[in-house]
Amino acid sequence: MLRSRRLSTGPCAAVGQVNPSYEPDSAVEGRQTTVTFTGLSASALNSKPFTPLKKKSSLMSLWSNDSRDQKLKTLKQELEMDEHKIPLQTLFSRFKTDPVKGLSQQYAQEKLLQDGPNALKPMKGEPEWKKFLGKLFGGFHLLLLFGAFLCMAAFFMEYSTSDQPSYDNLWLSIILIILVIGTTIFAYYQERQSSNIMDSFKGMIPQFAEATRDGKKVTMKVEDLVVGDLIDVKFGDRLPADILILSCSNFKVDNSSLTGESEPQARSAECTHNNPLETKNLAFFSSNAVEGVARGIIIRVGDNTVMGRIASLTSGVDAGPTPMAREIQGFIRLVSMIAITTGSIIFIVAMVLGYSWINSIIFLIGIVMAYVPQGLVPTVAILLTLTAKRMARRNCLVKNLEAVETLGSTSTICSDKTGTLTQNRMTVAHVWFDDVIRQMDTSESQSSDVVFDNTASGWKELSQVGKLCSRAEFVPGQEDRPISKRDVKGDASEQAILKCMEQVDGNVAEYRKEFPTACEIPFNSTNKYQVSVHRLSGVESSNYILVMKGAAERISALCSTILVDGKEVPLDEGWKKKIDDAYLKLGGLGERVIGFCDLQLPAADFPDGFKFDIDNINFPIKDLRFVGLMSMIDPPRAAVPDAVRLCRSAGIRVVMVTGDHPITAKAIARSVGIISPNNETIEEIAERLKIPQRDLDPKMAKAIVIHGADLNELDQDQLDNILRHYSEIVFARTSPQQKLIIVEGFQRLGSIVAVTGDGVNDSPALKKADIGIAMGITGSDVSKQAADMILLDDNFASIVTGVEQGRLVFDNLKKSIAYTMVTKIPEAAPFVVFIVVNMPLMLGAIPILCIDLGSDLFPAISFSYERPESDIMKRKPRNMFTDKLVDNKLLEIAFWHTGVLESFGCFFAMFVILGENGFRPYDLLGMRAEWDSKAINDLKDSYGQEWTYNARKELEKTCYAAYFANVVVQQWSSLLTRKTRRLSTFKHGFENKLMNFALFFETLLTCFFIYTPGLNTVIQLRPIRITWWLPAIPFSILNFLYEEARKAWIRKFPDGWCSRELYY
């Protein structure tokens, strides 16, 4: 049975290396000894109420059947190393390093030749020419190129056998080739823009480092460093490799981009944890040294470093096609199948009816041309681009256009904590003095309803220590900025205290001038406190005041009295318990607790001008006066709780995945609504009921907090069952590999996963997710490169805007495709009638292109400006297996309802025009052979008039133009009725000004094609009378009324037959 694990807080078992007892920095880690992991029984974990979509191998081995190679499989394993645990003498022997002189230059050169330079090597990807060819021959392009080839072949055959060949097929072939090449270049360019992930990792590599070789310190290129080199690192440096700390002084590193920890981490020469990512005697490549100095030995270089593994994993991860790409590919396959099947049938029928094989091929080309939506690629690209620009104005920068729709399809959001859900600034949340916990204002604007009384007894003394015992100070020249937005020099905790003091009391800098510093002992991981002595004025009994802050349990141990209601009383066991209770309560909220104390030094022992010695301390550091506690947290952003609530209402699951401590993660998850107020973990249920956890059914809990160490013990099926059963999940202390595994787990269950993150450690998961979302302000260059979208304001709430826009894109693209597919039946019908009933052709191939790439293109694009229907954020995320972009119901409505009706309207118009010119409908049957014969120049119409070949062809091209015009007339109503799928067009309104303009534009463009001399000759059209635009108007009105009736029936009977069968 999996149980709640205890944190490994003991020393590492290494002989020959000093390892004092591990003392955690934070209150939370010091007091909380169990991880908040909701354990599941073996039976619960192994039960399978649902069948996984795909059966794959175990969790920590091969996670993807499509894994590219064994290297990726290895990279997904957790980091295993022992250099931080073994005795130093053994380590020096392993690397052949002298602990004083370092490596010899000769051995280092041999090692460099053997292992290669200390640099990240990009994994070999697909050649660019292959990517381009994949675009060139992918999708509809292959069909269009095949059609272009057949047109070219037909032209040359006719050219070689005829004295007066037609150039129509040649022009058609050229147009198709230009269309394919143009859309290929556009698609390739879009993909190429964000393809190079490794460049951003290279920018994290420092150029030079200070190493020791042959007993001499040398400055050398980072690429020349090898395993075993001794190097020195100081404040401000970026680590050139993974190193084991040999000695250090107040050394701290910023690991936020690797582990997600928001505060700088103290380093020491002692092993404090078996996990290499948790121990304090390791520092990793690309981390920044933010304080102190250190000397270390290089243990990993290049691709073998922790950062190198992440870089290789990120580059090697294949995210696969986006949901939009899968939908379009499915649409392409469906339409291609319809086009090829229909074209093949027409080809066979034509051959059976005695047509030549050349003519039969031309018929085949015509059918393919009619069914293939040539304008789909530019329509989709323009629609996504316009939406991306709208999202950019709302602080969502889209790198991959298809990511716009993906965000709308998202069913699970795996969000990082620091900087995304939180403000990425430590803030004083509570203070404790006089045995009362008081709340502070943690809002970003400092405008909440929380009111703090700075006249309360005890605050003066606590705030005095907070102001004086600090090295933090504001960067000059920011007086006009809000206090919470000002830049501060100092670590995160001191920044929080300084801003709190300035906000409550003000003029901290002036206050400090009244109390000049006499001496100071900086904070270090051994003492766990910071102390300073300041001059006092106006106090007869004392010339100096000592102020101290540090780990709360450490500070209380150094005190003998406590300030209560303005009086100093003994710090007895009762008061120590009260301090502990407050400490545990604040620590349980996920807050970092710091204790404060002071002591006025007697003037008799410390006269004016006394020389304080911090090396041989000559002043008291115990028997001090305890004045209070302050607790800090990185508070949630104000807009996040509402954003999480909107995600829930939209059916989107929000999961926290962070490298931070489980208690802090759970506290933030509760405050923002990821864990609901009424939901408890199994530990909380056990505590409330006073029952051992093992006696409870794990399924009683709906929320769970999983530690990274426990995640390692789960196999794939166990993880899948947890992801299914628990609706509210928090993953804490996760590694980059585990974040990737979590994303793959949700994807296996059919979820469309969005991942947010800002650090390097997030980049593999960002790349693997269906949509990766990086932070624009705090995000690393690596995370921004790996992501598909960047939040310019780092605000989780902006994602909700993106979700709405993504859903709107899907809806509007569906409507746009429904609009463009309507014309496929009217375009194909003339070829079918031409072959089957032997009538003259009513519409040529080039006019079809004029419809698809001309008159229909702008109206189709205008759907991108259509506002959402009222229920867009109340619907559940679409099911990627059933809710398709183009399904059978959409094609049924477009083809067999509206399309057939438009075909009748167009043929009615043709019969009117031909009748006015002397050809009655029934006389046209069987006339095709005589009509197309160049030898017949006296063909009689229904009234006995004779028609030459050229006159007939002029009338035929006039019919092309009239057919074209009547298609456009009927597309007016089709455009308006496609504005909604359920709501009445009149109720939805006509606010889309671009669409209103598109109605006039497509009409004007059609007139331009028909009435422009020269151009109409090239595209096989002739001018027509105004009255010949009118025959299809009744059909257009009938189409509008039919669509309104269909939608009204769907609204009235939402569960009825019409809704099931006719709602797309």
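Reader: Why is Y159 called partly exposed?

Author: In this predicted model, Y159 has a relative accessible area of 46%. The class of partly exposed residues lies between under 20%, which is buried, and over 50%, which is exposed. Y159 at 46% therefore counts as partly exposed. Y159 is placed in helix α7, residues 141-161.

Reader: What makes Y159 eligible for a nonpolar surface patch, and which residues make the patch?

Author: A patch residue needs over 30% relative accessible area, and Y159 has 46%. The patch is made by Y159, Y167, W171, I174, I175, I178 and V1018, and its area is about 680 Å². Helix α8, residues 168-192, contributes the largest share, four residues.

Reader: How do you know that R295 and D232 form a salt bridge?

Author: The closest N and O atoms of R295 and D232 are 3.0 Å apart. A salt bridge requires a side-chain nitrogen of Lys or Arg within 4 Å of a carboxyl oxygen of Asp or Glu, so the pair R295 and D232 qualifies at 3.0 Å. This pair links distant parts of the chain: R295 belongs to strand β7 (residues 288-300) and D232 to strand β3 (residues 230-234), 63 residues apart.

Reader: Are R295 and D232 buried or exposed, and why?

Author: R295 has a relative accessible area of 19%, and D232 also has 19%. Buried means under 20%, so R295 is buried and D232 is buried.

Reader: What makes E991 and R867 a salt bridge?

Author: The N to O distance between the side chains of E991 and R867 is 3.4 Å. The limit is within 4 Å, so the pair E991 and R867 counts as a salt bridge. E991 lies in the loop between α37 (985-988) and α38 (993-1011), and R867 in the loop between α32 (857-862) and α33 (888-916), so the salt bridge ties together parts that are 124 residues apart in sequence.

Reader: Why is E991 called exposed, and why is R867 called partly exposed?

Author: E991 has a relative accessible area of 58%; exposed means over 50%, so E991 is exposed. R867 stands at 33%, between the limits of 20% and 50%, and therefore counts as partly exposed.

Reader: How do you know that E1043 and R1046 meet in a salt bridge, and where do they lie?

Author: Their side chains are 2.7 Å apart, N to O, and the limit is within 4 Å. E1043 and R1046 both lie in helix α40 (residues 1033-1052), three residues apart, about one turn of the helix. With buried defined as under 20%, E1043 at 0% is buried, and R1046 at 4% is buried. Elsewhere, salt bridges that share partners join D82, E83, R94 and R300 into one network. The structure holds 39 salt bridges.

Reader: Why is α13 called roughly antiparallel to α30?

Author: The axes of helix α13 (residues 357-371) and helix α30 (residues 824-836) come within 8 Å and cross at roughly 165 degrees. Angles over 145 degrees count as roughly antiparallel, so α13 is roughly antiparallel to α30. The crossing of α13 and α30 is left-handed.

Reader: What makes E954 partly exposed?

Author: E954 is found in helix α36 (residues 949-977). Its relative accessible area is 38%, between 20% and 50%, so E954 counts as partly exposed. E954 and R1022 are 7.4 Å apart in space, C-alpha to C-alpha, and 68 residues apart in sequence.

Terms used:
Residues numbered from 1 in each chain as written. Predicted model: local features only at pLDDT ≥ 70, side-chain atom pairs only at ≥ 80, totals over all residues. Heavy atoms only, no water. Patch = residues over 30% accessible without salt bridge, like charges linked within 9 Å, V, L, I, M, F, W, Y side chains within 5 Å. Areas by Shrake-Rupley, 256 points an atom, 1.4 Å probe, with all protein chains shown as cover. Helix = DSSP H or I, 4+ residues; strand = E, 2+ residues; numbered from the N terminus. Buried < 20%, exposed > 50% of the residue type's maximum accessible area, 1.4 Å probe, protein only. Axes fitted to C-alpha atoms, helices over the stretch in contact; angles between N-to-C directions. Parallel < 35°, antiparallel > 145°, perpendicular 65-115°, else oblique. Left-handed = near helix turned anticlockwise from the far one by under 90°.
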